[in-house]
Amino acid sequence: METGNRTQKERSVNDAMIKTALEYLELGFRPIPLIAGKKRPGIKWKAYQARPPTDGEVRSWFSTGNRNIGLVTGNGVVVVDVDDPDLLDIVIDRCGDTPMRCQTPGGGMHLYYAMRSGIQYGNAVRIN
């Protein structure tokens, strides 16, 4: 009986992840699966910089196993990764507030912003 409850719970979680990932896709984001508890993708994701995943791909990625949702950045989305929670208020003061944010497995925060048109973005590490 316990196995049945566990299977039902996993199915419910997977259904919720599929629904959420498809909502991100509908909003124009490019959701991909992450290994649970990690920032590492569960798939080869480079192709999704050039094209969004299909509904079928999203459904298959999140239908089994324990996954988190990641968003491919670049196509209208920029993410500021604040690893030190003590710096969060400083980053928000400088970059602006955003309702689109999530806590990382290490206790930091990802802040999502729309890319400003006409500005070239690249990757940067340890910026002030």
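User: What makes C95 partly exposed?

Analyst: C95 has a relative accessible area of 44%. Buried means under 20% relative accessible area, exposed over 50%, and partly exposed in between, using a 1.4 Å probe and protein chains only. So 44% puts C95 in the partly exposed class. C102 is partly exposed too, with a relative accessible area of 30%. One thing to keep in mind: this is a predicted model, where local features need pLDDT of at least 70 and side-chain atom pairs count only at pLDDT 80 or more, while totals for chains, interfaces and linings use all residues. Residues are numbered from 1 along each chain as its sequence is written, and side-chain values use heavy atoms, with hydrogens and water left out.

User: How many disulfides does the structure hold?

Analyst: Zero. To count as a disulfide, a pair of cysteine sulfur atoms has to lie within 2.5 Å.

User: Okay, salt bridges. Why is the K19 and E23 contact called one?

Analyst: The rule asks for a side-chain nitrogen of Lys or Arg within 4 Å of a carboxyl oxygen of Asp or Glu. K19 and E23 meet at 2.7 Å, N to O, so the pair passes. Both residues lie in helix α1 (residues 2-26), four residues apart, about one turn of the helix. Helices here are DSSP runs of H or I with at least four residues, strands are E runs of at least two, and numbering goes from the N terminus. K19 counts as exposed at 51% relative accessibility, whereas E23 counts as partly exposed at 37%.

User: How many salt bridges does the structure hold?

Analyst: Three. Among them is E57 with R51, whose closest N and O atoms are 2.8 Å apart. R101 and D97 also meet in a salt bridge, at 2.3 Å, N to O.

User: Is E57 buried or exposed, and how do you know?

Analyst: E57 counts as buried, because its relative accessibility is 18% and the limit for buried is under 20%. Its partner R51 counts as partly exposed at 33%. In the R101 and D97 bridge, R101 counts as partly exposed at 33%, but D97 is exposed at 57%.

User: What makes Y24 and F29 an aromatic pair, and why edge-to-face?

Analyst: The structure holds two aromatic pairs. For Y24 and F29, the centres are 5.9 Å apart and the planes sit at 90 degrees. Rings of Phe, Tyr and Trp (its six-membered ring) pair if their centres lie within 6.5 Å; planes under 30 degrees apart count as stacked, over 60 as edge-to-face and the rest as tilted. So Y24 and F29 pass on distance and land in edge-to-face on angle. Y24 counts as partly exposed at 24%, while F29 is buried at 18%.

User: How do you know that Y48 and W61 are edge-to-face?

Analyst: Their ring centres are 5.3 Å apart and their planes are at 85 degrees, so the pair is edge-to-face. The pair links distant parts of the chain, with Y48 in the loop between β1 (31-35) and α2 (55-62) and W61 in helix α2, 13 residues apart. Y48 is buried at 8%, and W61 is buried at 11%.
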